[in-house]
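Could you walk me through this structure, roughly from one end to the other? I'd like to know what to look at and how the pieces relate.

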Amino acid sequence: MVKYSTSEKAIKKSKRNLNGLIESYMNYLNLARTPSSTVKTTAMELERNNFKKYTHLNMDLKNANGVYFIDRNNVNIAAVKFGDRDISHGINIIGAHVDFC
């Protein structure tokens, strides 16, 4: 039986986690081949992470991690993740876009 030090165990765990992340990303890229399929795939992933699709102003978001919006052409998506702290502590904004040739 091979014994590993704590740092070797941590490195092996990090590599497994990284390989899982790479595999998930490759699966995402295989599904998201056009603007509309990218929006659909992203929406499915957001739903899996307890985001709710924005439908109206007074919708119930008590148990949601966030909300997302898809434009009427189904080629743009925007998502907002809810934080635990008051907005006076600031916000983080991340943006991305997809180009297809």
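Here is a short tour that takes the helices, then the loops.

One thing to keep in mind as you look around: this is a predicted model.

Let's begin with helix 1, which covers residues 6-31 and is where you'll find Arg16. Arg16 is an exposed residue, with a relative accessible area of 54%. Look around it and you'll see that Arg16 has company: together with Lys12, Lys13 and Lys15 it gathers in a patch of positive charge on the surface.

Now for some surface of another kind. Leu18, Leu21, Ile22, Tyr25, Met26 and Leu29 make a nonpolar surface patch of about 590 Å². Take Leu21 as your guide here. This leucine sits in helix 1, and its relative accessible area of 56% puts it in the exposed class, because anything over 50% counts as exposed.

Before leaving helix 1, have a look at Asn27, which also belongs to that helix. At 42% relative accessibility, Asn27 counts as partly exposed. It gives you a handy ruler across the model: from Asn27 to Val67 is 40 residues in sequence, and 23 Å in space from C-alpha to C-alpha.

Next comes helix 2, residues 35-48. Its 14 residues reach 20 Å from the first C-alpha to the last, close to the 20 Å expected at 1.5 Å a residue. Pro35 is part of this helix, and with a relative accessible area of 32% that proline is partly exposed.

Which residues of helix 2 are buried? The list runs Ser37, Thr38, Val39, Thr41, Thr42, Ala43 and Leu46. Zoom in on Ala43, a member of helix 2. It has 8% relative accessibility and counts as buried, since the cut-off for that label is under 20%. Ala43 offers another ruler, this time to Leu57: the two are 14 residues apart in sequence, and their C-alpha atoms are 19 Å apart in space.

Helix 2 is also the place to look for a salt bridge. How many does the model have by the rule used here? The count comes to one. The partners are Arg48 and Glu45, and their closest N and O atoms are 2.7 Å apart. That fits comfortably inside the cut-off, because a salt bridge needs a side-chain nitrogen of Lys or Arg within 4 Å of a carboxyl oxygen of Asp or Glu. Why are the two separated by about one helical turn? Because Arg48 and Glu45 are three residues apart in helix 2. As for their surroundings, Arg48 counts as exposed at 58% relative accessibility, whereas Glu45 is partly exposed, with a relative accessible area of 38%.

Keep following the chain and you come to Asn50. This residue lies in the loop between helix 2 and strand 1, the strand being residues 51-53. Check its backbone: Asn50 has a positive phi of about 65°, although it is not a glycine. That turn of the backbone comes just after helix 2. Asn50 counts as partly exposed, at 25% relative accessibility. You can also use it to look back to the proline in helix 2: Pro35 and Asn50 are 15 residues apart in sequence and 23 Å apart in space, C-alpha to C-alpha.

The last stop is another asparagine. Asn74 is found in the loop between strand 2 (66-70) and strand 3 (77-81). What is its phi? It is positive, at about 60°, and Asn74 is not a glycine either. With 42% relative accessibility, Asn74 counts as partly exposed.

To retrace the route in the viewer, start at the positive patch with Arg16, pass to the nonpolar patch with Leu21, follow helix 2 to the bridge between Arg48 and Glu45, and then visit the positive phi angles of Asn50 and Asn74.

Notes
Residues are numbered from 1 along each chain as its sequence is written. This is a predicted model: local features need pLDDT of at least 70, side-chain atom pairs count only at pLDDT 80 or more; totals for chains, interfaces and linings use all residues. Side-chain values use heavy atoms; hydrogens and water are left out. Helices (H or I, at least four residues) and strands (E, at least two) are DSSP runs, numbered from the N terminus. The expected span of a helix is 1.5 Å times one less than its number of residues. Buried means under 20% relative accessible area, exposed over 50%, partly exposed in between (1.4 Å probe, protein chains only). Patches are made of residues with over 30% relative accessible area and no salt bridge: like charges are joined within 9 Å, nonpolar side chains (Val, Leu, Ile, Met, Phe, Trp, Tyr) within 5 Å. Accessible areas come from the Shrake-Rupley method with a 1.4 Å probe; for residues, only the protein chains shown count as cover. Lys and Arg count as positive and Asp and Glu as negative; His and the chain ends are not counted. The place of a charge is taken as NZ of Lys, CZ of Arg, CG of Asp or CD of Glu.
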